[in-house]
Amino acid sequence: MRRISVDIGGTFTDCFVAWDGHYIGAKALTTHHNLAQGFNDALDIAVQGIGIEKRSILAGIDSVRYATTLGTNALIERKGPRIGLLVTEGFNSTVPLSRGRGYGEGLPFEKQRDLPNAVRPDPLVPIQMIRGVRERLSYNGEVLLPLDENDLREKLRQLVDQGAETIVVMFTNSVVNAAHELRVRDVFLEEYPSYLLGAIPLLLSHQVAGRKGEYSRAISTIIDSFLHQVMYHGLGTLALNLRANGYEKPMLISHNSGGMAQLNSTDALQTVHSGPVAGIAAAEHLAKNGDLGNIVATDMGGTSFDIGIVVEGGEKHYDFNPVIDRWLVSIPMVHLVTLGAGGGSIASFDQLYNTIKIGPESAGSDPGPACYDRGGMLPTVTDADLLLGYLDPENYANGRIKLNAARSRFAIEETLCDDLDLDVLDICKHIKQTADTNMGNGISTELGSRGYDTSEFTLLAYGGNGPLHCCGIANSLGVNRVLAPPFSPMFSALGAGNVNQMHIHEQSTYSVLFDTTANTIMSDYHRLNGAIEDLEKRGREDLLRQGMNSNDIQFRLEFDMRYGNQRVETAVSSETTRFESVHNILNLIQRFHTRYGERFGEGSQAPESGVRINTIRVSSYVELDKVDFKHIKPVTEKRSVEPVSQRLCHFVGYDKPVMTRVYDDSATKAGSFINGPAVVTTKDTTYLVEPNWSYHASHKGAVWFFKRKGAA
Amino acid sequence: MTNNITKADLSKEEQALIDQFLVDNQLFYGPDPEIMRNHGLDPRSDTEERILSAGLDAQKVNMVRGRLTAALDETHTMVEQMGVAPGAKWGDLVTAIFTANGDMAQTGTHGIVVFASVCQYPVKFIRKYWVNEPTVGVRDGDAFIHNDSAYGNIHNTDQSLMMPVFWQGNLVCWVSSTIHEGENGAIEPGGMPSIAETKYDEGLKMCPFKIVENFQLRRDIVTFLQNSVRDPKLQLADMKVKLHSIIRLRERVLSVIEEFGIDYLQGTLRKSLEDTETEVRRRIEEIPNGISRVNTFIDGNLREDVLAKMPMEIRIEGSRMIWNLKGTSPEFTNRSINVVMGSMKTCLLTSLILYVWPDLPKNQAVFSAVEVEMDENSLVNCSNEAPNAMSLLPIFRSFSMPPMTMGKLNYCMPKRYTAINANTYSQPATLVYGGLTQHGEVTGNFCADINGNGTGGREDKDGEHSLSPVFGYMADTGEMELAEEELPYVRLVAQKLAKDRVGFGKYRGGMGYEQIATVKNSTEFGFMTGQCGSKHPSAYGLFGGYACPTYPMARIKNINIFETFKNNPEQFDFDMITLMNERKITGGDYYVQDAGMNFELCNEGEIYMICQGAGGGYGDVLDRDPSMVAKDLEEELISPNLAQEIYKVIFNPDNFVIDEDATQQARDEERMARIKRGIPYDEFVASWVKPEPSEDLPYMGSWGNDHSTLVVSPPGEKRYRIPAGSSGVMFSNPKDRLIAELQAEINTLKKTQGC
């Protein structure tokens, strides 16, 4: 396997190169003015490890794959075109009102509950750029009010006159009858042929999202439209850079669905959060390949803590209405929960309970924690970590950032010591413990609300601060084993190199499998099979267009099912892809019953309210080679390692400082075994082995942490 | 002649015997005033005293609290996801934890606080009456259901399930789950009947009773409940949802006990309450002594026009804060808009959490330090027999009065805990529906538009359009495509901001939106509404800002709009005002009425139109930044004429560019005109204050500052006065009044026509 994968983040560009069995990871600063430069820098570092010059590597590589936060940044910075929005008349304010709750999407709950200060985010489409068109379809696609083409032409003209650089069309119920939306496209081309005005892109909502829900579908289409240009230019620049350096094949883009596709088969919306999602995809492969069972994947960085779930042999966890930046969208995205907890989370005094509160405010990376010495005056989790002795001030982030402990101490003394009447180190322990507990509670809520028992999971800890806090988080969760995976600081980049070429297509449906009013079981197999066939066809065409071999294409069929009119849509994978008998239907109902009971408790099922399918989803994919993780399980060999130094560290539950051995990169060799307390500082990350935990390095740089038996 | 024995004649032993006899032979365990009138915390139990006296580690307490929050968030998500009732899907639900004594100690980060706090009353009832009752008992694995507001609820469309948690044989705390269910078998579908004349018209009236044993629903009782409502599927499904959420919550609480010990669980619950009360008392002491008042009025009871007064006075006296609601209209004994005292208090509590101190924990102790004064038999403190299914009308005022009164008190404070804001719109402006769906199912419930109230202007910015319900945050107005899939209505106008209808001010309120609905594919489906505010505004301005306007409802009957769409589509305008002013749809009967409408069937294609309302304005309109007016003009939120008239801005009508000099001049002129119109305050009072309300005003409540006497003006009857708290008001049936009017007309005609 010869492959390069890249995760372009807000601060760092991570690169992972697989070259004939060599796996090399590298980091460089992201260069926002020209992303290609950061990529080149990271690749330069990586190729040094292989010993072949960059151009030769690029010429010989099978594929280059990108996961990028470009879209997320463009959304936050509002870098996008002026969008004109056409909606069904009468739905003019649907987007501006954002279902009411839109003001709080993506915000911490402290801000969500502060109604008097509630403010909606700046709109992607201002109110004056929205027009209603006279037309209306019913819930089942019947034309109630025919499309008024004169009205349409007038509204299009108004939007163009007002400077629309791109047009989005969202007609109510267009996912069950697209005729009116399609007609808009024709009329638009008649009125404004490309030779007249140049290309004004026009996006139809039913082509971006196949689900019902006019608001979330509209926002999805708007974001897709908003990001299109910046993504096109940004990724196009990267593609040109690759070409200039000898890479001739198509560039592949990671999707937030957990798959990837060529640039020309990628919607901008699918790239948002693709980096963190690639990390979860890597975790999934790791779990399967390494036979690790259930995994909760956590990525602790400077500002956030991402949680993903990978269940052995179970359903994939998707969000169908995830929040992107501040917007609720309609897209199947790998489930990912982001908490505002990271090294930069600010610690403050909680007057009410006379204790410490962590976050939701964050010092981020600029100015960053007080110890960064860049003007940050408030104490953060990283400041506490430094004062507790866990971090090496000279070698943090491979020496890129020098830490100033005096700043950390000053920040804590100034803001917390008097109120809490505690000394600095006690406060640092409280900060560490509270941060770990908060993250543990986040994981617990996440697993619990999906019906899982935390004790049945291995905690996977990656990201810049993951291996530093993982023992503390595991203590809080009651988990006894933790894996810091290979290449944990660039795990998402590794993940981007490990996904399949995949497309997901969905179709809203109102299919009653069990009608309790009529006491009947669905028998219209033809309609159901027809919908499945159509979705498979669309997926197959996507993959064929990108040069995939027809014989390699596989499909996974899932249904979103519910009892009666409830909100939850439980994703149920189907054993069969075609339905021909009552037996097939009852089998599907039983699978739903089992899955639902596992999640919400046996007996909570309510089939007597009726059973429905709301969405049909087909994932079409081609299985590609993966990085080999077979040997990352704990090794039997236990090899002692010589520490390079020792220093006093402070731990929760210990009144006095503990002399703690410090190790370097040599401790990452397979078999290295260390009993905590200990600190292992490598060029990319810091592993903290807390008291009562042991550290055991496995192959390929994987590190296991085990809680010692009998430890509290 | 009788020879009654008085208490004085009895020995202690005899008195005890009689007391026990009375306890043993109690006819009915009705709502207990001792429970229902007390919003304070229970005294520490012996266990709590022991634990807290010994001291707890603050960091460990913090961890326990975090664990409980995680458990509450987990179960909240479960209910939201699994719930079948529309209310559950839109956030109208909560899970909560109570101390062993029944004080509401904690909710999760989301959920409707008032649902949780009002559950303290039924929990305390169960604790007092059923624990030692041999035929009932409270055991591990039991759970109790409840919805009757007389025992503690907002109105009986909300249903709760409460479960005791035992540890080593001792009851250590309670957990609960509540959903706004909607349908409950009332005289009108949807659970909020506006025509209920007695509480027996309001459907299910569940005092707290056991429905779960050994963690399983009792099917006989479940069947009884299903048999009592129109939507038996909903009733069963959501009872399962609530049960499994509290089973999960109980498991999580037990794991906390296993990890931290029983003392840390009980100590944390109690300590959270006491710490909160201490903090509230500290904040009260921050406020200088003073009095702040607001008078509000409700302009209808959903059957007839009345102007019912709801005043509020807040007094700060050192460490005491007194909320006085005396002078409120007497209860309407045969109308459904009354409120039980306990419900009112828990709503006032929620108002503090939402609009004044949103940083405080969401528990019962936020309000325990506040003293409350109310008249008996009043609209906000009704008798046990008074119906209250539509208590929302006064209750929504309980959310809007405190921000006004507290806002005035807080204005001078160096530290405020949130922005000072004018009123959020305070009406349940939504269509309630019922009937047969296109899928052949019987249903009754309400639309999510209740969650789209415009918020008030604020000290530093405009209010937000249609943001939230007045009683909660992060609630959802939903997706129309999904609603239409389940229900036989078509929203011709789903959400369209209501131009010009807003509270003006330096910072204007957020706007509401128009809703136009019709029915398709059902022969038996209809609508009602449960709002007022068509004659008197429902959201007041602050510091010179305007109140929101009034909102009527309109209907076009005897048409089929779908036929019009086919044959004469140009006759339909997607706009309530144009439809009603131009009346282009041929053959239609056009009606405008106050916004409260009793249930009526809607034939296919008939049109019903209502409007979600706007928030009040903040500050003087002449201080509004002209560029903000220009933005409103650009967004077509205000008509050019109105912008000029209200804000005195001068602009180019073609592009809305402001002429700053001309605007300054127009505003200066208006200020001078105001001075000219002004009169000394004493003169104003002398000319403005009247000895009593206008004769034709159907006024209810105190007049002026004397709250000891209430004016009562029932429609069709002579006005009279009663001592405050003495009794409620009975209304005649509007149909009887109509018959009497018609009869009088007939009699007159007979006389004049000589027939």
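In strand 3 of chain A, A:Lys27 is the bridge partner of A:Asp14, and this pair is a convenient place to begin reading the structure, which is a predicted model. Around this pair, strand 2 and strand 3 of chain A run antiparallel and are joined by 8 bridges. Elsewhere, chain A is in contact with chain B, through 68 residues on the side of chain A and 74 residues on the side of chain B.

**Strands 1 to 3 of chain A**

- Strand 2 of chain A, which covers residues 12–19, is mostly covered, since 8 of its 8 residues are counted as buried.
- The two faces of strand 2 of chain A are both covered, with A:Phe12, A:Asp14, A:Phe16 and A:Ala18 buried on one side and A:Thr13, A:Cys15, A:Val17 and A:Trp19 buried on the other.
- Strand 1 of chain A, residues 2–8, runs antiparallel to strand 2 of chain A and is joined to it by 7 bridges, and within this pairing A:Arg3 has A:Ala18 as its bridge partner.
- Strand 3 of chain A, residues 22–29, pairs with strand 2 of chain A, and the two form a hairpin with 2 residues between them, where A:Asp20 in the turn has a positive phi of about 50°.

**A four-stranded sheet in chain A**

- Chain A also has an open sheet of 4 strands, in the order 29-30-32-33 and with mixed pairing.
- Strand 29 (645–649) and strand 33 (686–689) of chain A are at the edges of this sheet, each with a single partner strand, so one side of each is left without a neighbour in the sheet.
- On average, and with direction ignored, neighbouring strands of this sheet are turned by 25° against each other.
- Strand 32 of chain A, residues 678–681, pairs with strand 33 of chain A in the antiparallel sense over 4 bridges, and in this pairing A:Thr681 stands opposite A:Thr686.

**Domains of chain A**

- The domain assignment of chain A gives domain 1 (2–74 + 231–271), domain 2 (84–218), domain 3 (292–304 + 340–495 + 631–712) and domain 4 (501–622).
- Between domain 1 and domain 4 of chain A, the C-alpha centres lie 36 Å apart, and 6 residues of domain 1 are in contact with 8 residues of domain 4.
- The side of domain 1 of chain A that touches domain 4 of chain A has 2 nonpolar, 4 polar and no charged residues.

**Where chain A touches chain B**

- In the contact of 68 residues of chain A with 74 residues of chain B, the elements that give two or more residues to the side of chain A are helix 4 (94–97), helix 5 (109–112), strand 8 (143–145), helix 10 (214–244) and helix 14 (424–448) of chain A.
- Helix 14 of chain A provides the largest share of that side, with 9 residues.
- Sorted by class, the side of chain A that touches chain B has 21 nonpolar, 36 polar and 11 charged residues.

**Chain B as a whole**

- The secondary structure of chain B comes to 21 helices and 23 strands.
- The radius of gyration of chain B is 27 Å, close to the 27 Å that the globule rule gives for 755 residues, so chain B is as compact as a globular protein of that length.
- Taken along the principal axes, the C-alpha atoms of chain B fill a box of roughly 80 × 65 × 65 Å.
- Of the 755 residues in chain B, 57% are buried, and among its contacts with a separation of 6 or more, 73% come from residues 24 or more positions apart.

**Domains and local elements of chain B**

- Chain B is divided into domain 1 (45–278), domain 2 (287–418 + 696–755) and domain 3 (421–619).
- The C-alpha centres of domain 1 and domain 3 of chain B lie 33 Å apart, and 19 residues of domain 1 are in contact with 22 residues of domain 3.
- On the side of domain 1 of chain B that touches domain 3 of chain B there are 8 nonpolar, 6 polar and 5 charged residues.
- Helix 7 of chain B, residues 120–130, is mostly covered, with 8 of its 11 residues buried, and B:Tyr121, B:Phe125 and B:Arg127 are among them.
- An open sheet of 5 strands in chain B has the order 14-15-20-17-18 with antiparallel pairing, and its edge strands are strand 14 (489–497) and strand 18 (589–593) of chain B.
- Strand 14 of chain B pairs with strand 15 of chain B, residues 513–519, over 6 bridges in the antiparallel sense, and B:Lys496 stands opposite B:Glu514 in strand 15 of chain B.

Note on methods
Residues are numbered from 1 along each chain as its sequence is written. Chains are lettered from A and ligands numbered from 1 in the order in which they are written. This is a predicted model: local features need pLDDT of at least 70, side-chain atom pairs count only at pLDDT 80 or more; totals for chains, interfaces and linings use all residues. Domain bounds come from an automatic or database domain assignment. Two residues are in contact if their C-beta atoms, placed from the backbone, lie within 7 Å. Ala, Val, Leu, Ile, Met, Phe, Trp, Tyr, Cys and Pro count as nonpolar, Asp, Glu, Lys and Arg as charged, and the others, Gly among them, as polar. Two strands pair if DSSP finds at least two bridges between them. The radius of gyration is taken over C-alpha atoms; the globule rule is 2.2 Å times the number of residues to the power 0.38. A residue is buried if 20 or more other C-beta atoms lie within 10 Å of its own, exposed if 12 or fewer, and partly exposed in between; C-beta atoms are placed from the backbone. Axes are lines fitted to C-alpha atoms, for helices over the stretch in contact, and angles run from 0 to 180 degrees between N-to-C directions.
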